[in-house]
Amino acid sequence: MKAEIISIGTELLLGDIPDTNGQYLARKLSELGVDIYFQNTVGDNPKRLSFLLKQALKRSDIVITTGGLGPTVDDITLETIAAFSGNRLILKNKILSGIKKHFRERGLTMPNINKRQAYIPQGATALENKNGTAPAIILEEKGKLLISLPGPPSELIPLFEEKIIPIFKKKFTLKEIILSRTLKITGLAESAVAEKITDLLRLEPPLTLGIYAHTAEVDLKITIKEKNKESAWKKIAKIEKIILGRLGEYVFGKDSETLEACVGKLLRSNKKTISVAESCTGGLISNRITDVPGSSRYFPLGIIAYSNREKTKLLGIPDELIKKQGAVSKEVASLMAENIRKIAPSDIGLGVTGIAGPSGNTLVKKIGLIYIALSSGE
């Protein structure tokens with residue numbers, strides 16, 4: 001079973017917003033055992049969309065479009081699909097009533113322009129969208145399935161999970177599943193990781209290993225296509241064991257786990273707390289820590305002391321020390337860490353100061369110079 005995704009919108013094509021829908025749909029379809037061979041992005045242009053639809057329906061069993069179902073003139077998906085399939089658009093009063101209800105429940109009057117969203121290609125099926133005004137549309141075209149989903153993720157995700165997945169399971173006999181396990185690594189560059197697992201990176205389908213680099217992190221993704229989950233996880237576990245044997249000390253988490261969540265887990269299990277004094281990072285470290293639910297149990301305080309005056313006033317860094325060593329120095333970072341630990345109070349104090357740029361460069365201290373200090377009372 002082959003599927004293809006077409007993301008529609010000039011704002012996606014020009015990179016104004018990221019295509020998170022394509023990423024989400026590809027992952028979900030893989031989990032269902034549906035192969036994804038192509039993803040395309042096209043602007044709000046009927047001719048180019050029609051060309052892509054023709055291509056996609058030739059080579060794939062399922063084509064999913066996202067976006068272009070809104071009420072404005074640049075929302076061209078339904079008109080293009082209708083023209084492409086030779087079906088005229090017809091007004092569905094049930095959909096229109098649902099759109100009016102959507103506005104009424106919010107104390108608003110439906111603008112007349114939204115009536116456009118109640119027209120669907122003749123012969124198509126409309127699926128109610130509880131989170132917006134545009135319904136999802138399903139059209140069977142010469143034995144192929146063409147599915148149009150609204151663009152906002154808050155609408156697309158519930159529609160796909162509640163309506164589309166059950167249709168897939170009922171309509172298609174999916175003989176295989178695709179499962180993945182991602183091991184997350186920090187402390188090594190991508191090339192250093194690759195050197196240790198070169199043989200595994202050469203694995204061929206149905207069991208493969210991919211390597212993906214991110215800022216301060218490298219992901220190793222084990223993927224398998226198998227007949228059942230039990231067999232799939234057993235084979236994944238064998239590769240996982242080999243990787244952990246070679247890179248174990250650098251592996252901090254799995255799948256959707258984040259570095260900050262794993263740090264939080266360690267703090268909780270060891271009954272420790274941490275506080276942060278930040279200068280050049282401007283609160284980014286505290287933000288990552290507090291992004292984790294329940295972080296108040298181990299994070300009592302964060303201070304952003306950007307100016308030298310506030311370093312002295314809030315963190316007790318002597319003005320003389322700043323003048324002598326500079327705000328960006330080992331001595332100031334160390335005292336920031338020690339003092340925030342005492343002020344909080346907490347078991348661990350972290351102090352960060354540096355030159356982020358674009359200005360601040362000196363002959364001695366260059367842009368990008370960062371001091372990170374940790375105080376634990378020991």
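Here is a chat about why parts of this predicted model get the labels they do.

User: Before we start, what am I looking at, and how are residues numbered?

Analyst: It's a predicted model, where local features need pLDDT of at least 70, side-chain atom pairs count only at pLDDT 80 or more, and totals for chains, interfaces and linings use all residues. Residues are numbered from 1 along each chain as its sequence is written, and side-chain values use heavy atoms, with hydrogens and water left out.

User: What makes Cys262 and Cys280 buried or exposed?

Analyst: Buried means under 20% relative accessible area, exposed over 50%, and partly exposed in between (1.4 Å probe, protein chains only). Cys262 comes in at 10% and Cys280 at 15%, so Cys262 is buried and Cys280 is buried.

User: How many disulfides are there, and what counts as one?

Analyst: A disulfide here is a pair of cysteine sulfur atoms within 2.5 Å. By that rule the count is zero.

User: Why is Ala216 called exposed, but Asp255 partly exposed?

Analyst: Ala216 has a relative accessible area of 62%, so it counts as exposed. Asp255 has 31%, so it counts as partly exposed. Ala216 sits in the loop between S10 and S11, and Asp255 in the loop between S12 and helix H10 (259-269). Helices (H or I, at least four residues) and strands (E, at least two) are DSSP runs, numbered from the N terminus.

User: What is notable about phi in those two?

Analyst: Phi is near 60° for Ala216 and near 50° for Asp255. Each is a positive value in a residue other than glycine. Most residues other than glycine have a negative phi, and most peptide bonds are trans.

User: Which peptide bonds are cis, and where are they?

Analyst: One is the bond from Pro205 to Pro206, with omega near 15°; Pro206 lies in the loop between helix H8 (198-201) and strand S10 (207-214). Another joins Gly357 and Pro358, with omega about 5°, and Pro358 is in the loop between S15 and S16.

User: What makes S10, S11, S9 and S12 a sheet, and which strands are at the edges?

Analyst: Two strands pair if DSSP finds at least two bridges between them. S9 and S11 have nine antiparallel bridges, with Ser180 opposite Thr223 in S11. S9 and strand S12 (residues 251-254) have three, also antiparallel, and there Ile185 has Val251 as its bridge partner. The result is an open sheet of four strands in the order S10-S11-S9-S12, with antiparallel pairing. S10 and S12 stand at the edges, each with a single partner strand, so one side of each has no neighbour in the sheet. Neighbouring strands are turned by 25° against each other on average, direction ignored. Those angles run from 0 to 180 degrees between N-to-C directions, using axes that are lines fitted to C-alpha atoms (for helices, over the stretch in contact).

User: How do you know that S9 is largely enclosed?

Analyst: Eight of its nine residues are buried, so S9 is largely enclosed by the rest of the structure.

User: What about the sheet with S13 and S15 in it?

Analyst: That's an open sheet of four strands in the order S14-S13-S15-S16, with mixed pairing. Strand S14 (302-304) and strand S16 (370-375) are called edge strands: each pairs on one side only. Neighbouring strands here are turned by 10° on average, direction ignored. S13 (residues 274-278) and S15 (residues 348-354) run parallel and are joined by five bridges; Ser275 has Gly349 in S15 as its bridge partner.

User: Where does Ile274 fit in, and is it buried or exposed?

Analyst: Ile274 lies in strand S13. With a relative accessible area of 10%, Ile274 is buried. From Ile274 to Gly349 is 75 residues in sequence and 5.7 Å in space, C-alpha to C-alpha.

User: What makes something a pocket, and what lines the largest one?

Analyst: On a 1 Å grid over the protein atoms alone, a pocket is an open set of points where a 1.4 Å probe fits, with protein on both sides within 12 Å along at least five of seven lines; lining residues have an atom within 4 Å of a point. The largest pocket has a volume of about 660 Å³, where grid points are joined across faces, edges and corners and volume is the space filled by probe spheres set on the points. Of its 21 lining residues, the closest to the centre are Ala26, Arg27, Ser30, Ser180 and Lys221. H2 gives the most to the lining, with six residues.
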